[in-house]
Each structure stands twice: as structure tokens, then as C-alpha cells.
Amino acid sequence: MDRKKFYITTPIYYPSDKLHIGHTYCTVATDAMARYKRLTGYDVMFLTGTDEHGQKIENKAKEAGVTPKEFLDRIVEGEKGVLDLWKLMNISNDRFIRTTDDYHCEAIQKIFRKMYEKGDIYKGSYKGKYCTPCESFWTESQLVNGKCPDCGREVHDAEEEAYFFRLSKYADRVQYLLENTDYLQPKSRVNEMVNNFIKPGLDDLCVSRTSFKWGIPVDFDPGHVVYVWVDALFNYTTALGFMNDKYHDYEKYWPADVHFVGKEIVRFHSIIWPAMLMSMEMPLPKHVFGHGWLVMDGGKMSKSKGNVVDPYVLAEKFGVDALRFFLLRTFPFGSDGNFSNELLINTINKDLANDLGNIVSRTVSMVDKYFSGTLPEEKSVTEADSDLINTASALRDKYEDDMEHFRFQKALEDIFAVIDRANKYIDENIPWVLAKDEANKARLAAVMYNILETIRICAVLLTPFMPDTANTIFDRIGADESGRTWESAGKWGTLNTAVTVKMGEALFPRIDAEKAIEELNAIQAEQRKKAMGNIVETEPLSEENVDFNTFCKSDMRAVKIKACEAVKKSDKLLKFTLDDGSGTDRVILSGIHKYYEPEQLIGKTAVAILNLPPRKMMGIPSCGMLISAVHKENGEEKLHLLLVDDSIPAGAKLC
């Protein structure tokens, strides 16, 4: 009889920045779920990969002076790249897709054409607010404080010929899906999607671009490349062989049992993805689970913010299994988790060193000391053993319910409640006292066996989270292959009655918290310094005092940028048409074209000194001066135009 199938995916990683611990969070959770399902007897397909197209990749490669593919190969396959990190974290993915793979590109072209021929994709012109990092268009009403609602970065006006997907056509069906099924989990995400995106009215979705080239060409209109979210979302099916000949297990594994995704891309997976599958008349995934972020210093980890944590550093210092354990033990999977070095070290010390490591070490040591490493067959079991036996025997069912509902933290909490009970059992039965009298030998053997058997059951259930540690524990307590299975975790007494243990080093030596935190803080401060630019030079402060009344004569005002264009025959100058609150447009020229493209600035609110005498540049009178900040970073001059909150009205005086 065929085994039951289980297909689970992570979102494919967008490889444009330094990998950090936040990137591993979802993948470790997915790996734990895949390992759990394999443990329970399922035929599992676990997919992960990289999303490799788009304008941001094209720009990053250009900055690096290499082709996009060279840039990507270095990040994906190079030292400490994506594949290296997944290997380090012991990720057991069955398949890895790169969206630049030929078979995927071929399939996406066929999918795009099929939706076009059905009439669900049509040609038009798009004008809206565009976020380059997210590669997303937004309407004015969807912006938050004038910025991208997903990442909080600046957006700019963009207009281009484009193809559109009739997302609005599927709005009612998608809303019904979200409100009447358990497709989207946790349930708290449903209201956000329905109220913020569907009920205000779903606009048709821009699904092609012409302003950059790094993407899959629309084969019937080569000036267009396929929009990244069509390209990226269908990876879940192309990696199984949908519309390509690379693989042949689409029928076997699709639909997916669950997509694990970060909350920032829930909208794409819960609205756009099912709508496109409906258009293609394909089965929908059974579940999308939107997990929270690992946050640090109150914000999501980001290279641009400099608040990233290097998983290589943590794994080297504390071990991969300890790091995997911490990620899923400490925070509920559906919520944000506030990472700190103190929390990491305290969790390792309490749960792994004091509880798990301690009970394995002390139990094996006592068996070695009192029985020369092998328990005798004769044992004396009493009523005093029943609570521990019943508690350990009931663990698997509780754990199974937790895992089936993606409650990883609760599953580990249940395991450690049993470990805690076993530690108390040792204190209750006082083996070192029993060992003083030969008449108590059978009773002592029973106590030791009960603890070893409890450890064995816990180790089986820890396997998805800490696979290497679980195997080490099995070896130490003498569990053979029959005692390492899912079936054995629900059955008391699987361990050989005359079991032989094996001594070894401490599983998790206790960490000197103060010293380790100091070291980590220093390492992370240095990494933050590099991420933010490690050599920043500013002009020395002026020693010349300015008379206060003279300073007050400078009329500094908030001005709205109505239009901005490059000045012909000038590489430096931009011509700004400004609303200064007077009712008459003001023109100011500024030599900042090296730092800004005109379309980036239209609609922004800047600061200008208005009462300067006009001066001509390239034959054009410039009436005032825009305020900017200048510094040098790694020897390169940087300029930032001073922009203020758009709620400040034109003409507001700075004081």
C-alpha cells in the first residue's frame, strides 16, 4: 500500500542581501514539520529554493559589476550562500528550485500564455506607486504614511505598458475561500486580508514589466518580462514537473498540504495565488500558514537597518541543534518573536543544559556507576512509578495534536514538561540512597530503566527539531533502531530490559552567560557597523559663530515637489517646480542628479531656503536652495535631500 503523501514548502528566498537568522526561521520550521511527517510514515516532498528575477537583482548585479546570473550564483552556491546555510542548519529539503532554471522558465511562459488565451491576462498601461525592493505596485489608498505597506520604504511613481491579471474577477471566490475554510492560518490573518485588500476592491494585478530585462520573457511579446510574483508563486508546481519535463511527480504531490510563509507575503499567497490557480483550473493548496518575524530592537531584522544576527556565528558558538531548538521553542510560530542574545543563552542553559543535558548525563552516569553500564533483568516496579509511566506514555498523542496544528512551541513545551517530571522522579526516588543497599538493587534498576525509557520517548519526539542530538541520546541510552520510531514513542517498555548505556561528553555544556553575551554583542556591533558603512566622514563643525538675528533672516519653508526633470546638457542639474504655499510655482535648480532620478522625488515634501537672490544656471533662473545633507562613506560622497513628512503643508516655515 502506498504511503500517505505530504507536500510542504517554504517561500523561495529572494537572494539580494546577507543571510541572517531571520531567514532560517521559516526554513527550520518547515524542516521540523517535514521530519515529523517522515517520522510518522508519510512520503514527504519538502521544497525550498531561490526567487531570482526582478529589477532589484538587476540593479544589485550592475552595482557589483557582474551579470545577474553571476551575482546570483555567488549568493546561492558560493561560500556562506543559501545552499551552504541550509546545509549548516541541517535542512532536509528533497528539492531545491532556482527560478532561473530552464525548466521553470519554460513552464512559466506556458502558464502565462494559458491565462492570456483564457482572457484572464490582458494588455494595458499601468500608472501607480511602485516599491522597487518589494517589486510591487500600490494604489495611493494602500500606502501607509505614503510608503510601501509591506516594507515601509519609499515608493515612486511609475507608468509603463503592462499585462494585467484579472484579479478582480476572482475576488468573491477568494473571499469565500478565506472566510469559510481553514485555507489561511492562523485565523487572525483572515480579517487582515479581507478587510484591508478584498473589501476595498481588488484591482487587477500588473503581471509584466518593460522597464527592466532580468526576468522570464513573455514569449508572445518579448518586450515584456513576467512579473516576479507570477514567476515565483508557480514554482510550487513547476518544481513537481507542471508544464515541464524535468520532473514527473505533480500528480503525486499536488495540491500542497501547506505553504509556510512570512506574514509580509501572506497577501500574495492567500489572494493572488489562489486566484491564479482558479484561473488555471488547478487544485488549491490545503493550507497557507503565515508565521511572524524574528524581530530585534523592535523591528524586523534587515541588513539595511544593521540589526541582523549571523547564524554562522551562533551555530559555531552554541551548536546547530541548540540554534534550531531555540528558534522553535521560544516563540509561538504564528507570532513575532523578539530575539536577544540573553534570551538565546538563557534558553540553552535552562532547557538544554540544566534539563535535557542534565538528565541524560546523570542517568547514564548512575547506570554506569551502579551497574557497570548494563541494567540487570530483574527489576522491582511499584505504584510510585505509575505517574511517570502514564505521563510519558501520554506524551505522543499530545505532541501529535500540537504538530498537526503547527504549534511547535507547544510540542516542545509538552516534551520538556515530561523531562521536568523525570528529573523530579529522580529526586523522589533518590537512586544514590538506593544504591547503598544491595537489597534495593532490583528497585534501583527499575528506577533507572523508567528514566531511560522516558528519555527515549522524549528523544524520538525531539528528532524533528534536533536530529543530531536525538541520535546522540539514543546512542548514550542504548536505544536500538526499534526504539527510535514513531510507533515506539507511543509504547512504554520498548527499551531492552538489559540495556547497556554509553558514557560521553555533556550534550550541552552550561554557557557562561555574561561572557558569551559580551562576545556576541561585540561581534554583532562590528557586523552592524559594516552593514551600515564602516567609515563615515562628515565635515568638521564650524568654529565661526553666526549672529542669531542673521540666522533668523533665512526663510526656510516646506515645499512640495510638483515636477522634476533633468536639465538638458547638464549631468548634475535637476530642475524642480515647487509649491511654496504662495500660489505661484517656484523653480529651483539643484546639482543632485548624481544621487536621484527625477521620478523618485515627484510628490515629496522638501525644505528650501526661499529668500536667496535668484541666480542663473544653464540659462535658467534658480530662486532659492534645497537643503541636503552630505557625508563620505568609505571614501565615496553621499548626499541625502532633506525630505519631511508629507502631512506638512507647502509654505510651512521651519523654526
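## A tour from the parallel sheet to the enclosed cavity

Begin with the open sheet, in which six strands lie in the order β3-β2-β1-β11-β12-β7 and pair in the parallel sense. At its edges are β3 (95-98) and β7 (184-185), each of which pairs on one side only. Keep in mind throughout that the model on your screen is predicted.

Stay at the β3 edge and select strand β2, residues 43-50, which is joined to β3 by four bridges in the parallel sense. If you display T48, you will find F96 of β3 standing opposite. When you turn on further side chains here, recall that in a regular strand they alternate between the two faces of the sheet.

Next, select P149, D150, E192, N196 and F197, which, among the 18 residues lining the second largest pocket, lie nearest its centre. The space in this pocket amounts to about 420 Å³. Colour helix α7, residues 188-198, as well, since this helix gives the most to the lining, with five residues. Colouring the lining of this pocket by residue class will show six nonpolar, five polar and seven charged residues.

Move on to the helices α19 (residues 441-462) and α20 (residues 467-477), whose axes come within 9 Å and cross at roughly 160 degrees. Because angles over 145 degrees count as roughly antiparallel, α19 is roughly antiparallel to α20. The crossing in which α19 passes α20 is left-handed.

Keep α19 selected and add α14 (341-371) and α17 (408-429), for these are the elements that give two or more residues to the lining of the largest cavity. This cavity has a volume of about 50 Å³, and the count of cavities of 30 Å³ or more comes to one. To outline the largest cavity, show L356, I359, I419, A422, T454, I455, C458 and A459, which line it. Which helix provides the largest share of this lining? The answer is α19, with four residues. By class, the lining of the largest cavity holds seven nonpolar residues and one polar residue, with no charged residues.

Finish at strands β18 (residues 574-579) and β19 (residues 585-590), which run antiparallel and are joined by six bridges. Show L578, and then its bridge partner in β19, R586. The two strands β18 and β19 form a hairpin with five residues between them, and in the turn you can select G581, which has a positive phi of about 90 degrees.

Note on methods. Residues are numbered from 1 along each chain as its sequence is written. This is a predicted model: local features need pLDDT of at least 70, side-chain atom pairs count only at pLDDT 80 or more; totals for chains, interfaces and linings use all residues. Side-chain values use heavy atoms; hydrogens and water are left out. On a 1 Å grid over the protein atoms alone, a cavity is a set of points where a 1.4 Å probe fits but cannot get out, and a pocket is an open set with protein on both sides within 12 Å along at least five of seven lines; lining residues have an atom within 4 Å of a point. Grid points are joined across faces, edges and corners, and a volume is the space filled by probe spheres set on the points. Ala, Val, Leu, Ile, Met, Phe, Trp, Tyr, Cys and Pro count as nonpolar, Asp, Glu, Lys and Arg as charged, and the others, Gly among them, as polar. Two strands pair if DSSP finds at least two bridges between them. Axes are lines fitted to C-alpha atoms, for helices over the stretch in contact, and angles run from 0 to 180 degrees between N-to-C directions. Angles under 35 degrees count as roughly parallel, over 145 as roughly antiparallel, 65 to 115 as roughly perpendicular and the rest as oblique. A crossing is left-handed if the near helix is turned anticlockwise from the far one by less than a right angle, and right-handed if clockwise.
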